[in-house]
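User: I'm new to this structure and would like a close look at one part of it. Could you walk me through a place where two helices meet?

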Amino acid sequence: GHITVVKDGALCGCGQRGCVEAYFSTNGLLGRYFDLTNKKLENAKEFFELVSQNDKNANQILELGISVFAEGIRNVIHLVNPDKIVFVGGLTASYDLFGKSLEEKVNQIIFPVLASYVKFAVGKSVAGSFGAATLAFQHFEP
């Protein structure tokens with residue numbers, strides 16, 4: 001989430017600008033929607049309801065988020081060369097509304113040979129647990 005993809009882009013919760021998370025996370029999608037419409041949404045469910053209703057602004061923000069996220073995934077694939085990418089987190093509950101588009105975008109921008117074997121999967125919503133564990137270990141002194 002904290003790979004910079006958009007130079008001098010939107011402010012991220014980490015304090016940097018242009019991180020994937022600033023465009024493709026609950027806060028990122030809601031923040032970019034607010035930037036565009038000046039309307040505050042309460043949660044991702046409300047945002048994805050607008051996407052389901054074919055709201056022009058929500059779809060525009062989702063497409064931007066998909067493009068930014070795809071670039072971040074591209075960087076990881078080219079750096080690590082994995083055979084599988086597993087998506088976790090709360091947004092995966094709406095994967096049916098963006099997953100196919102995301103996977104297609106990634107496959108369009110990675111090296112063609114990699115697109116033939118990199119697979120995508122959806123895991124459970126455990127990202128928050130990893131973040132909490134990271135915070136706990138930051139203050140751990142052996």
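Analyst: Happy to help; here is a look at one helix pair, with a little of its surroundings. Please keep in mind that this is a predicted model.

To get your bearings, the protein chain holds six helices and two strands, and from the N terminus on they follow the order α-α-α-β-α-α-β-α. Of the 142 residues in the protein chain, 35% are buried.

The pair to look at is helix α3 (residues 56-80) and helix α4 (residues 95-109), whose axes come within 9 Å and cross at roughly 50 degrees. Angles from 65 to 115 degrees would count as roughly perpendicular and those under 35 as roughly parallel, so α3 is oblique to α4. The crossing of these two helices is right-handed.

Which residues of α3 and α4 make the contact? On the α3 side they include Leu62, Ile66, Phe69, Ile73 and Ile77, while α4 brings in, among them, Leu97, Phe98, Leu102 and Val106. Sorted by class, the contact has 11 nonpolar, three polar and four charged residues. Glu63, Glu71 and Arg74 of α3 take part too, as does Lys105 of α4.

Helix α3 has another neighbour: the buried residues of α1 pack against α2 (44-52) and α3. In α1, the buried residues are Gly28, Leu29, Leu30, Gly31, Arg32 and Tyr33. Helix α1 (residues 26-37) has 12 residues and reaches 16 Å from its first C-alpha to its last, close to the 16 Å expected. Just after α1 comes Asn38, with a positive phi of about 65 degrees.

Notes:
Residues numbered from 1 in each chain as written. Predicted model: local features only at pLDDT ≥ 70, side-chain atom pairs only at ≥ 80, totals over all residues. Heavy atoms only, no water. Axes fitted to C-alpha atoms, helices over the stretch in contact; angles between N-to-C directions. Helix = DSSP H or I, 4+ residues; strand = E, 2+ residues; numbered from the N terminus. Parallel < 35°, antiparallel > 145°, perpendicular 65-115°, else oblique. Left-handed = near helix turned anticlockwise from the far one by under 90°. Contact = heavy atoms within 4.5 Å. Nonpolar A, V, L, I, M, F, W, Y, C, P; charged D, E, K, R; others polar. Expected span 1.5 Å × (residues − 1). Buried < 20%, exposed > 50% of the residue type's maximum accessible area, 1.4 Å probe, protein only.
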